Amino acid sequence: MMSQIGHWISGVEVYSKSSRSGKVFDPALGQPVAEVGFANQAEIDAAIAAAKAAFPAWKSTTLAKRQQVMFRFRELLENNKSELAQIITREHGKVLSDALGEITRGQEVVEFACGAPQLLKGEYSENASTNVDVYSLKQPLGVVGIISPFNFPAMVPMWFFPVAISAGNTVVLKPSEKDPSAAMWLARLWKEAGLPDGVFNVLHGDKEAVDGLLNHPDVASISFVGSTPIAQYIYETAARNGKRVQALGGAKNHMLVLPDADLDLVADSAVNAGFGSAGERCMAISVVVAVEPVADELISKISSRMSQIRVGDGRRSCDMGPLVTKEHRDKVASYISIAEQDGASIVVDGRKVNPDGDANGFWLGPTLIDKVPLSSKVYREEIFGPVLSVVRVSSYEEGLQLINSGAFGNGTAIFTNDGGAARKFQNEVEVGMIGINVPIPVPVAYFSFGGWKHSLFGDSRAHGEEGFRFFTQTKVVTSRWLDPSHGGINLGFPQN
Ligand code: NAD
């Protein structure tokens, strides 16, 4: 019998009684391995009520005690992360080393949040007016909702919940229904770390559960990561309902290669950033923009490296796993056919892959497409799979204009040995996260993560100081402790 995955409400697993559910697949086997119940209204209400009930006590828990829980959670995560990596590989398909990598990047945010007391300090001005002091307090919002995508089932929730919890909020996390078990494992870890029941809850489901969070009056904020159309819907709905919202969307990341670049470094980087996690990363490189005359030489270096990529079951010694579902695999493969129809040239065709894994797995090998027309859907749309396009341009300016005319602005990279060109690029490119000779420029936890344009709706990015600003609201107190002299009636503003 398939295992059942329940919600996590008030520190216990609660099996769904709703009539709707989804199958969770092992993508390398192409088989369902678990069933997850999709929350109905009563379950949505129960998860939010649990978080609401836990809020007053957690908000009042001292910074020192909250910090101790954070440190214990960090230690447990560090010591048990190989178990979590197995769970991620089983439901997502990425290779084990990559699953461990995402946990480590999430753990960095936990480590950052261990320093919450420093970031939660307010400001104090003594004697702003005669005997009057002014100071600010940062307080938590209350119940915060987090909605995460399938591609980072551990890291993306960890972009938000360590900051939210250390700042005194309580959480309802709605993970992707495609790989929901990582969130449950993290919930159990919180309990072991001593987090009071109800501070961290997990609610499974699809649109209905998401809408339940968006429309519930007791949810103060929404942090969303996923595709652009859904991000836009989340932003508009949450904002209309008076909630604080940050909604991170899709991407189409370009790598600009100047003729003076080290082409071996570029080829390594393009392969790693294009095909790592089977291209299912929001910071994956999907377009190499080659400033001529380097395109032919670069394509030959990239394709020779691609022939060494071992595609297969992520539990074996492979470099790249399957795609997350059959539907997603077929959709990504359909872009290769579109490229053919649009007159691009398929240099390496991933449809012909011979994987080291079960024949039923959702396989698609790394694919390289040259001379992609700018009018093609292959160039314009996010593909979110192991498909790397090459576009040839004749100058830096043409490449920059191409990048800046795109709808997305998540990440980009420039490869060059010219510091002046790199500096010009960082100033002129309209993208939120920039790599200079670094292909996947995901900022470290104490900076903030987020793109421009259709890659982020809202005005706060994830983690870093912006994360703490998002998960707190400020009060400013003006106080006077009377000394023996009283000022008498004065209807004006105090001025000195
Ligand atoms: P998705 O948009 O399909 O799903 C994201 C979340 O929204 C899931 O929890 C899902 O259950 C929920 N959802 C799905 N349909 C919904 C609907 N109609 N109404 C309300 N909620 C809905 O995204 P995905 O396929 O899980 O993840 C891949 C996408 O996420 C890609 O577009 C990728 O670029 C993006 N992503 C962006 C970032 C970033 O930082 N900008 C990071 C990771 C992933």
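This report describes the surroundings of the ligand and two backbone features in a predicted model. Residues are numbered from 1 along each chain as its sequence is written, and side-chain values use heavy atoms, with hydrogens and water left out. Because the model is predicted, local features need pLDDT of at least 70 and side-chain atom pairs count only at pLDDT 80 or more, whereas totals for chains, interfaces and linings use all residues.

The ligand is surrounded by 26 residues, a residue being counted if one of its heavy atoms lies within 4 Å of the ligand. The closest are Lys 174, Glu 177, Ser 227, Gly 249 and Glu 382. By class, this shell has 14 nonpolar, 8 polar and 4 charged residues, where Ala, Val, Leu, Ile, Met, Phe, Trp, Tyr, Cys and Pro count as nonpolar, Asp, Glu, Lys and Arg as charged, and the others, Gly among them, as polar. Domain 1 (3-249 + 455-477) and domain 2 (253-436) both give residues to the shell, so the ligand lies between them; the domain bounds come from an automatic or database assignment. Helix H7 (207-215) and strand E11 (219-225) each supply at least two residues of the shell, helices (H or I, at least four residues) and strands (E, at least two) being DSSP runs numbered from the N terminus.

Polar contacts of the ligand, each a pair of N or O atoms within 3.5 Å, include the following.

| Ligand atom | Protein partner | Distance |
|---|---|---|
| oxygen | Lys 174, side-chain N or O atom | 2.7 Å |
| oxygen | Ser 148, polar backbone atom | 2.8 Å |
| oxygen | Gly 226, polar backbone atom | 3.4 Å |

The protein covers 88% of the 840 Å² of accessible area that the ligand has on its own, as computed by the Shrake-Rupley method with a 1.4 Å probe.

Two backbone features concern loops. The peptide bond from Glu 292 to Pro 293 is cis, with omega near 20°, and Pro 293 lies in the loop between strand E14 (285-291) and helix H10 (295-306). Ala 278, a residue other than glycine, has a positive phi near 55°, and is placed in the loop between helix H9 (263-275) and E14.

Key
Polar contact = N/O pair within 3.5 Å; in protein donor to acceptor, adjacent residues only side chain to side chain.
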